[in-house]
Amino acid sequence: MLRLRQFTTLARLTALEAVRRPLCLLLMSACLVLTALTPLVLLHQFGEEGKMARDSGLACHFVFGLFIAGYTACSSLTQEVGNGTASTVLSKPVGRGLYFLAKFAGLAAVVVAFSLCCTLATLMAERVSEHFALTGRVAGNITDWQTGNLLLAAPFAAMLAAGIVNYFNGRPFLSTAFGYLLLILVLVFAFSGFFDRAGYFEPYSLRVQWRIIPAGVLIALALITLSAVALSISTRFSAVPTITICVCILVLGLMSDYLFGRHAAQSWVASVLYALLPNWQHFWVADALNSGGVIPWSYVARVGGYAAAYSGAVLCLGAISFRHREVV
Amino acid sequence: MNGQSNEPLASSGNESVSESPVIEVAGLVKVFRDFWRRPKVRAVNGISLDVCSGEIFGLLGPNGSGKSTTIKSLLGLLSPTAGSVRVFGLSPRDVMTKRDIGYLPEESYLYRHLTARETLDFYGQLFGLDRYTRRKRIEELLEMVGLTESADRPVGEFSKGMARRVGLAQALINDPRLIVLDEPTSGLDPIGCRQVKDLMLTLCRGGKTILLTSHLLADVEDVCNRIAILYRGNIIAQGRVGDLLRESEKVRVTFSSLSTGQMEELLAAIRDKTGDTPDVDHPAMDLERFFLDVIARAHGERRDTDTGPRLPDYLKAH
Amino acid sequence: MKLSAIAFLVVRTAVRSRLLLCLVGFLIPVLVGLPLAVEGDGTAAGEIRVLLEYTLGLSLVILGVGALVFSCGAVAREIEERHIQLVVVKPVRTVEIWLGKWLGMLIVNAILLCIVGIAVYGGIRWALRSGHYDEAEHSSLKENLLTGRRQILPLPDDPTSEAVERLDQLTDGQSGLATTRREELFLTLKRHILAERATVAPGGSKTWVFPGSQSMGAERQVRLRFTLAPTVDRSLLAGAWHLGTASKTDAATVSMADALNGGNYIEVPQALCGSGEPLLVTYRNAEAGQTGTVVFDIGTGVELLVSESGFEANLLRSFLVLFFHLAALSALGLTAGCLFSSPVAGFLSAALVFVALMGHYVTLQSVVDTPTLHEEQIDGIERSRVSVFLEGVGERIVKKMEIVVEPVAGLNPLPPLADGRLVAWTFTGKALALLGLLYPAVFGAVGTWALWKRELALPGE
């Protein structure tokens, strides 16, 4: 029970520290604004608007998530070891393994929250995008301006609300804005169900493409895996080398099939590298949604297993590395 | 009497304190504001003080009393909310003022990738010192702070005390007229503390002005001519150390040795004369003196031959 | 001395914090791996172009990002870690601090560019090693790619007046046509006319007029290059090229087949160069049944290329221009670091560069393709007022940014370098003036002011 309490305390603190970094809120807001802007500016694209909004949302989710996951993971442990916070914590009856895993849990929680926001935004962006409608009330291409405007305004509304709370109650602006952003997105999402795409009041129905969710889940799994990799590397290296190695692993992982996969049968070196490097292509399957395609949950489960196994292995190495690291 | 007094050692024989103020602070107020420009903390609340040339002035106070804020306002690192600050008659943000100032901050904010020698060389270049002068002064300063052997190690690998020594050295590289020391003995062992105090006294005898802050009251008492005590941004006491500490309503008499019989006779006579029963005890040396004596004995050196750190020639009295 | 002290501090920090090493670590796979992995089109020229365009281009993206991020941290991290307190209390002006940091960044950028330059040039020499290409390929590379040729375009063929005429004919009587529709139609007509003019049907001909120039002197090799549209079937073409001047028409004739065999190049006789008279180039297509329709590229249908410089000098000038690009980016990053914390400064300056470049791209597309859509109704459906407002705001922002971006947007030396075209000293000089001096000066003024105003000892700084 004590260990569980320690774990949750450390994880919560890590998550709080992460969301209190200005860059976290900036990246999240930028991601959401870009996702929201895409369907509002891309019009008359020969019926491809929905696809473009969806792909744009998922791409922003992935790219900005990489920055958030990589930056928070790289800097979290390194800074705490560097400024002595880690030694203060570890001088208490807290095991190093528990401390390390709690750090990961905190970072994963931030990534999950970010992914939730991005997935909601992508669902709404796809709904907002221009579609041809033929109903009793409208005939022609329509864009759901109401939902689109609310989605675009969400980050600014969250910051405004957080600013007001900071002014009157003194609560930290950044973490408050992060929380409000998540809340406002959920509210906007729920509110949009009362209206159809033309903005008319209709029986409640969310009118989104639920098949986007598995794609969002896969991206979240990729980000969590990258966090695990970055955290484990940061047990031994300072910020700059950690980021460098993470970028290399990211790039090599994206090209893993091309660089190593096609030679794996002939070369044992290629097969070992192919197995060791995380294959990010498993997590990026946005193209499968084209032409009405669906990503089966069984695939998501398999990739989830891969992510869990890979992250687990990497975290084990990281925990072992951290166990033997001097933290003074 | 054994000559023990509350007067700092600096005052005996130090004739170089002049009345011309090096630092003039009048009504200094510093308010830290939040993002919305609302006042958050009133760190300094209208203090006024002058530091004269050739003296050692101590700023004391508990944590959060405004000592470091005052120092940083003097150096132009913070802008006063109200009041005025003059150093050598000029604004502290004036570049000309800074030629004659040496500053040791409370933490040694040194570049961890540079060696001690490179650190001093870098700061020497910022003062425009030529290469020959720089090299000479660097070697002398490294020897003074006892880091000659570690001169080529990165500062990032140093202990806190060693980093402090480098910080002290960089504060002196330009032969400053005014030396500002924020917690100068923080992180130093007792020998190091003693050496820093001796250094301050020597520098003061050479005509330098020193402004220091410290929590360690014994350090301040030993070296300062005048002190100011801050509390919550206000000066609540200011003046010469001896004047502030003297308990003029009491008298203490110290004998070198007395037998028991002589003691009782003396006490009886005092009781007859004054009606008071005086307190009698054996005076105790302070822990610092005891520590230094023990260490000196262990090293096989005599205490009175310890001449303290060797001061570079350029820092000696002109 | 103060500037050099601060500059060398930056260099030492870059080296000892292993940042330089990490950047070199990023560059090695690009410099070595990319040419090995990407084969181009299988020709010698393709292999060299991979080095010059892709390898060099990607290296510069890495260097640009590195310059931006490192320069953001150069001041911001010093403020966060309070090193700057010990510098500011010395007799150093804030402008000297900013300049010293910038100079240090220039030195780091120069070192990295040298590494890239040596690797790229070494890659080219390795590709040219004996036995790798045959004599013909060597010769072709030296004449067409590994050189610096000044490009002379024909006198512009402005379709505007014809487009106006046709528009009036088409819209005669339709006064109610929306402005947007007229603009769209006008641009479409212009494109149509340009395409028509780039097409030579069987039995037809087209003439290009090149301005006369004494600088096409007798000592220089002058060649005409033509570019066909990708969809043209070259095997069906028959016709002839006629080169001459007003006084000497048909001074030279080359068949299309010979021109295609010569890699789309035609030698211009020395007698026609340097005369000062405009050069007339006419293509006469063969009759129907003997040939197909020839469609030239609308952008660069024909061009004259005058050999002016060797490849090494061209490469050097290109690298100078790239160095100035990095100098401007470093200045931007330093200024951002004076205003914000390190990660925020990096994000904002990267976002600013991205938005500026995207805005420029959108502007180009708007000028060429799409008229501005300000109307509140499109196709009879009312647009959201918010959408119209956002579009207006976006347009204003892009237009303002274009004032800054447009002068430097064309200062990219990679396309001409990869095409064997000259990167002239005037081009380099313009890059120096704008990217090396003016923009850094503006950034520096802002950064210096910000650093001077800022209270560097605030708690939590």
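Chain C has a mean pLDDT (the predictor's confidence in each residue, from 0 to 100) of 84, with 90% of its residues at 70 or more. This is a predicted model, in which local features need pLDDT of at least 70 and side-chain atom pairs count only at pLDDT 80 or more, while totals for chains, interfaces and linings use all residues. Residues are numbered from 1 along each chain as its sequence is written, and chains are lettered from A and ligands numbered from 1 in the order in which they are written.

**Confidence**
- In residues 368–374 of chain C the pLDDT drops below 50, yet this stretch has 13 contacts beyond near neighbours in sequence (a contact being two residues with C-beta atoms, placed from the backbone, within 7 Å).
- For the model, ipTM is 0.82 and pTM is 0.85.

**Chain C fold**
- Chain C holds 14 helices and 12 strands (DSSP runs numbered from the N terminus: H or I of at least four residues, and E of at least two).
- Its C-alpha atoms occupy a box of roughly 85 × 70 × 40 Å along the principal axes.
- Of the 461 residues in chain C, 32% are buried (20 or more other C-beta atoms within 10 Å of the residue's own, all placed from the backbone).
- Among chain C contacts with a separation of 6 or more, 84% join residues 24 or more positions apart.

**Where chain A meets chain C**
- Chain A brings 15 residues to the contact and chain C brings 17 residues.
- On the chain A side, α2 (22–41), β2 (139–142), α6 (145–169) and α9 (239–254) each supply at least two residues, and α2(A) gives the most, with six residues.

Note on methods: Buried ≥ 20, exposed ≤ 12 C-beta atoms within 10 Å, placed from the backbone.
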